[in-house]
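Hello,

Here is the structure we talked about handing over. Please open it alongside this note.

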Amino acid sequence: MKNNTLHKVNKQKKTEGFFKSGSVCGFCLLAGLLASQQGNAQFSNKGNVTVKDGTILSVHEDYKNQDSATFTNDGQVYIFKNWNNDGTVDFTESAAGKTFFIGKADQYIEGKKRSDFQNLEFNNTSDITPFYLGTEISVNNKAEFTKGIVDGVELPGALVIFKDNAIHDKTGDQSFVDGKVQKTGKKEFKFPVGSGTFYRPSIHAATSDNNIYTTQYFLKNSAELHSHESRDKKTILEINNAEYWEVKQDKGAEKIVLSLTLDSDTTPSQFFTETKGVKVAIVRWDDVANEWVNEKGQLGETGGGEAYSKIITAQVGGYGLFTIALVKDEEAEIDDLVVYNAVSPNGDGKNDKFLIEGINKYPNNTVEIYNRWGVKVYEANGYNENDRMFEGYSDGRATVNRGEKLPTGTYFYILKYSDGKKSKEKSGYLYINNQ
C-alpha cells in the first residue's frame, strides 16, 4: 500500500539532482511518489505536490504530471524546461500563486489535461518564438508576456483561456499568442493574439457572465477560404487580402461591438485612408448569405503607445471570419444631422452635453455609447436636443455603475433613426473630457 502521508520539507534538498541546490524550500510532497525517469532527464510526479504560499520551487528538468497526480501552486514555481500535464494542475483561489515559464532554450507546454494557473509569466530569451503550446492552459488572474511568442499553431490542442476577471500585461510584437485565445465572462478584454512577429489584437466585451468567445488572428489571405468576389457588391469595394480574424461565440446569444487593429507592417496601405465617398469598414463572412457582408465601422487612432497604429470599431451582426475593407460611404447622404463629438461636462455651458443637431426631426431614434473595450455605458430611445442628452455619466446598464462619471477618453457612438421611409444609421467616435 502506498504511503499517503504528506511530509513537509523544511530545508534545502537536491531531490535526486532534478532541483538545483537551494531552489526548494517549504513545499509539501507525497513521500515515495516523486520519481525520476532515468535516462530521459525528467522529473515525474505520480502523487501530490503542493507549493505553499511564500515558498519557491524551481524545476530544472522536464516536468511530467502523471495521470493521477495533482500539482497545486500557491507559491512561486519556476519551470526552466518542458512541461507536460496529464493530471491535475490547480491553485487555491485565495492565494497569489505564480508560475514562471522562463529559460534560454525552447520550451514545450503539453499534456492531455488542462493546466489551471492563478498567475503566469512567459519569459524566454532563446528566440522570438520560444514557447510551443500543445494543450489547454487557463489563467485565473494575470498573465505577463514578458518575452517570447507563444506558438499555439504548430501543435494540436492549443488554447489559452482567460477566466472571468483575468487580465494580461506586457504584450507586444515579440510577446503574444500565435493561436487561439478564449475569454469567459463579461469583463472587457483585448485578445492578445497575433501572427509571425506582429501583435494584432481584437477587442470587445460582453454583458453577461455566461458568454464565452474564442479569437485567433491569421496573417493570411481570407480569399483562400471564401472568395472576395462573393461579397455585397452594392457597398463593398475591396477586401483586405493580407489578414483576417476568426471570432467565435462559444456560448451566449448577444451581439458585440468589435474593434480590430491595423498596422502598416501587415495591413495594406489603402486601408489607412478614407476618401470622399469611400470608408474603411469591418466585413464578415456570412454563412447564410454565402458572401462577405458590410458591418460598417469607424476608423480611428489608438491613442498612442501601442504596437499597432490604428483601430476600427463596429457593432457586428454575427460571428466567424472578419477582416477590413473599403466600402461605399452610405452616411455621405446624411447631411441634415450635425454631430458634435466632444463632451466636457464641467458646467461652463460649452459642450456640456452630447449634441446631435437636427435629431429632433427624427424622434424615432436610439443612441448607444460604448467605451473603447466595447462596454455599453449609455443608451437612450428618443434622443433629443433638450432633456434627453448624454452628459458624460454612465446610465448603469453594463459594468459601469449608474451615475458614475466616465473617465476621460475616446468612446464610440451608434445612432439609429428613421426618416419615415427607411432606417438609417450613423456611427463615430466621441471624446469625453471629464477632468
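Below is what turned up, going from the overall fold to the empty spaces and then the rings.

Keep in mind that this is a predicted model.

**Overall fold**

The protein chain has 41 strands and zero helices. It runs to 435 residues, and 53% of them count as buried. Now the contacts with a separation of 6 or more: 51% of them join residues 24 or more positions apart.

**Pockets**

Start with the largest pocket. It holds about 380 Å³ of space. Its lining comprises 23 residues, and Asn371, Arg372, Gly409, Thr410 and Tyr411 lie nearest the centre. Three elements give two or more residues each to this lining: strand 29 (257-262), strand 33 (310-315) and strand 40 (409-418). Strand 40 has the largest share, with four residues. By class, the lining has eleven nonpolar, nine polar and three charged residues.

The second largest pocket offers about 230 Å³. Here 13 residues form the lining, and those nearest the centre are Ile167, His168, Phe189, Lys190 and Trp373. Strand 19 (167-169) and strand 22 (189-191) supply at least two lining residues each. The lining splits into six nonpolar, three polar and four charged residues.

Two charge-over-ring contacts involve residues already named. Arg372, from the lining of the largest pocket, lies over the face of Trp373, 5.2 Å from the ring centre. Trp373 itself belongs to the lining of the second largest pocket. Phe189 lines that second largest pocket too. The charged end of Lys183 sits over the Phe189 ring, 5.7 Å from its centre.

**Cavities**

How many cavities of 30 Å³ or more are there? The count is four.

The largest cavity has about 100 Å³ of space. Among its lining residues are Lys279, Lys296, Lys328, Asp329, Glu330 and Glu331. In total the lining divides into six charged, three polar and three nonpolar residues. Strand 30 (278-286) and strand 34 (320-328) each supply at least two of them. Strand 30 gives the most, with three residues.

The second largest cavity has a volume of about 40 Å³. Its lining includes Phe71, Trp83, Phe91 and Phe117, along with Asp90 and Asp116. Strand 8 (70-73), strand 11 (88-90) and strand 14 (115-124) each give two or more residues. Strand 14 gives the most, with three. The classes here are five nonpolar, three polar and two charged.

**Aromatic rings**

Across the whole structure, the search finds 27 aromatic pairs. One of them is Phe354 with Tyr413. The ring centres are 5.4 Å apart and the planes meet at 55°, so this pair is tilted. Phe354 sits in the loop between strand 36 (342-343) and strand 37 (356-357), while Tyr413 is in strand 40, so the pair ties together parts 59 residues apart in sequence. Are these two residues buried or exposed? Both Phe354 and Tyr413 are buried.

There is also a ring cluster. Ring pairs link Phe43, Tyr63, Phe71, Trp83, Phe101, Phe117, Phe122, Phe131 and Phe145. Phe71, Trp83 and Phe117 also appear in the lining of the second largest cavity.

**Where to look**

For a quick tour, begin at strand 40, which gives four residues to the largest pocket and carries Tyr413. Then go to Trp373, with Arg372 over its face. Finish at the ring cluster that includes Phe71 and Phe117.

Best wishes

Definitions and conventions. Residues numbered from 1 in each chain as written. Predicted model: local features only at pLDDT ≥ 70, side-chain atom pairs only at ≥ 80, totals over all residues. Heavy atoms only, no water. 1 Å grid on protein atoms, 1.4 Å probe; cavity = no way out; pocket = protein on both sides within 12 Å on 5 of 7 lines; lining within 4 Å. Points joined across faces, edges and corners; volume = space filled by probe spheres on them. Nonpolar A, V, L, I, M, F, W, Y, C, P; charged D, E, K, R; others polar. Phe/Tyr/Trp six-rings, centres within 6.5 Å; stacked < 30°, edge-to-face > 60°. Buried < 20%, exposed > 50% of the residue type's maximum accessible area, 1.4 Å probe, protein only. Lys NZ or Arg CZ within 6 Å of the ring centre and 35° of its normal. Contact = heavy atoms within 4.5 Å.
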